[in-house]
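Visitor: Hello! Could you take me on a close look at a single part of this structure, at a pace that suits a first-year student?

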Amino acid sequence: MEDERILDLFFERSEQAIGELDKKYGAAAARTAGNILRSRQDVEECVNDTWLGVWNRIPPLRPSPLGSYVCRIARNLAVSRLRSETADKRNHSLDLVLDELEDFLPSGQSVEADYDYKETVEGINRFLESLRYDDRFLFVRRYWYADSVKEIAASMHRKESQISLRLFRLREKLRKTLQKEGLLV
């Protein structure tokens with residue numbers, strides 16, 4: 001079913017909308033949450049919470065593209081769940097992914113840091129817009145969806161070492177771009 005028809009079902013408040021959304025984007029939402037949570041039960045709960053979140057936001061929203069919107073909600077819920085479950089201990093793969101970018105992310109400890117954060121987000125978005133499709137795909141899969149290097153390599157039909165090297169070069173390019181824009185010292 002097309003996204004527009006699914007959105008129409010949400011606006012009609014038809015419960016069929018959830019079923020159609022699950023058919024079309026259930027696997028993507030589960031994979032997104034699973035890359036962060038790793039527990040099958042937690043992933044299932046996160047996906048169910050995602051459907052509730054979408055139900056509560058549509059209407060009035062009419063997101064486009066719908067798939068990205070669904071995955072963003074799943075990711076945010078998974079990160080929140082992971083943070084609450086591992087508040088006092090270091091968590092696994094998400095820390096690894098975020099550690100790779102920690103030099104670029106302000107701490108968020110003050111109003112100035114919040115402003116810096118927003119400026120940095122805009123700078124990263126400009127950086128992503130400047131990339132070729134393959135590089136943008138690679139960057140987003142790793143740092144937004146938290147896919148492993150192995151998963152990315154398989155999906156792009158490349159060696160893991162090639163993907164790791166490309167990610168390193170993209171981080172260096174990002175560093176230079178943010179330094180040039182005065183967003184990174």
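Guide: Happily! Let us begin with one word: contact here means heavy atoms within 4.5 Å. Please also keep in mind that this is a predicted model.

Our part is helix 8, which runs over residues 149-156. Start with its buried residues: Val149, Ile152, Ala153 and Met156. They cover an arc of only 100° around the axis, which puts them on the same side of helix 8. Now look at the face turned away from that buried side, where you will find the exposed residues Lys150 and Ala154. What do the buried residues of helix 8 pack against? Their partners are helix 7, residues 133-143, and helix 9, residues 160-180.

Let us stay with helix 7 for a moment. Two packed helices are described by the angle between their axes and the distance between the axes. For helix 7 and helix 8, the angle is about 150° and the axes are 10 Å apart. Angles over 145 degrees count as roughly antiparallel, and helix 7 and helix 8 are therefore roughly antiparallel to each other. Their crossing is right-handed. On the helix 7 side, the contact is made by Asp134, Phe137, Leu138, Arg141 and Arg142. Helix 8 brings Val149, Ile152, Ser155 and Met156 to this contact. You may recognise Val149, Ile152 and Met156 from the list of buried residues in helix 8. Sorted by class, the contact of helix 7 with helix 8 has 5 nonpolar, 1 polar and 3 charged residues.

Next, look at the loops on either side of helix 8. Most residues other than glycine have a negative phi, and most peptide bonds are trans. In the loop between helix 7 and helix 8 lies alanine 146. Its phi is near 60°, a positive value in a residue other than glycine. Is alanine 146 buried or exposed? With 4% relative accessibility, alanine 146 counts as buried, because the cut-off for buried is under 20%.

Just after helix 8 comes histidine 157, which also has a positive phi, of about 55°. This residue is found in the loop between helix 8 and helix 9. Histidine 157 has a relative accessibility of 73%, so it counts as exposed; the cut-off for that word is over 50%.

Before we stop, here is a short detour to another loop, the one between helix 3 and helix 4, which holds proline 59 and proline 60. The peptide bond from isoleucine 58 to proline 59 is cis, with omega near -10°. Another cis peptide bond joins proline 59 and proline 60, and there omega is about 15°.

From that loop you can step into helix 4, residues 66-85, where isoleucine 73 has its place. Isoleucine 73 counts as buried, at 8% relative accessibility. Which residues is isoleucine 73 in contact with, leaving aside its neighbours within four places in sequence? They are Thr50, Val54 and Arg57. Although isoleucine 73 and threonine 50 are 23 residues apart along the chain, their C-alpha atoms are separated by 6.0 Å.

To finish, return to helix 8 and turn the model: find Ile152 on the buried side, then Lys150 on the face turned away from it.

Terms used. Residues are numbered from 1 along each chain as its sequence is written. This is a predicted model: local features need pLDDT of at least 70, side-chain atom pairs count only at pLDDT 80 or more; totals for chains, interfaces and linings use all residues. Side-chain values use heavy atoms; hydrogens and water are left out. Buried means under 20% relative accessible area, exposed over 50%, partly exposed in between (1.4 Å probe, protein chains only). Helices (H or I, at least four residues) and strands (E, at least two) are DSSP runs, numbered from the N terminus. The arc is that of the directions from the helix axis to the C-beta atoms. Axes are lines fitted to C-alpha atoms, for helices over the stretch in contact, and angles run from 0 to 180 degrees between N-to-C directions. Angles under 35 degrees count as roughly parallel, over 145 as roughly antiparallel, 65 to 115 as roughly perpendicular and the rest as oblique. A crossing is left-handed if the near helix is turned anticlockwise from the far one by less than a right angle, and right-handed if clockwise. Ala, Val, Leu, Ile, Met, Phe, Trp, Tyr, Cys and Pro count as nonpolar, Asp, Glu, Lys and Arg as charged, and the others, Gly among them, as polar.
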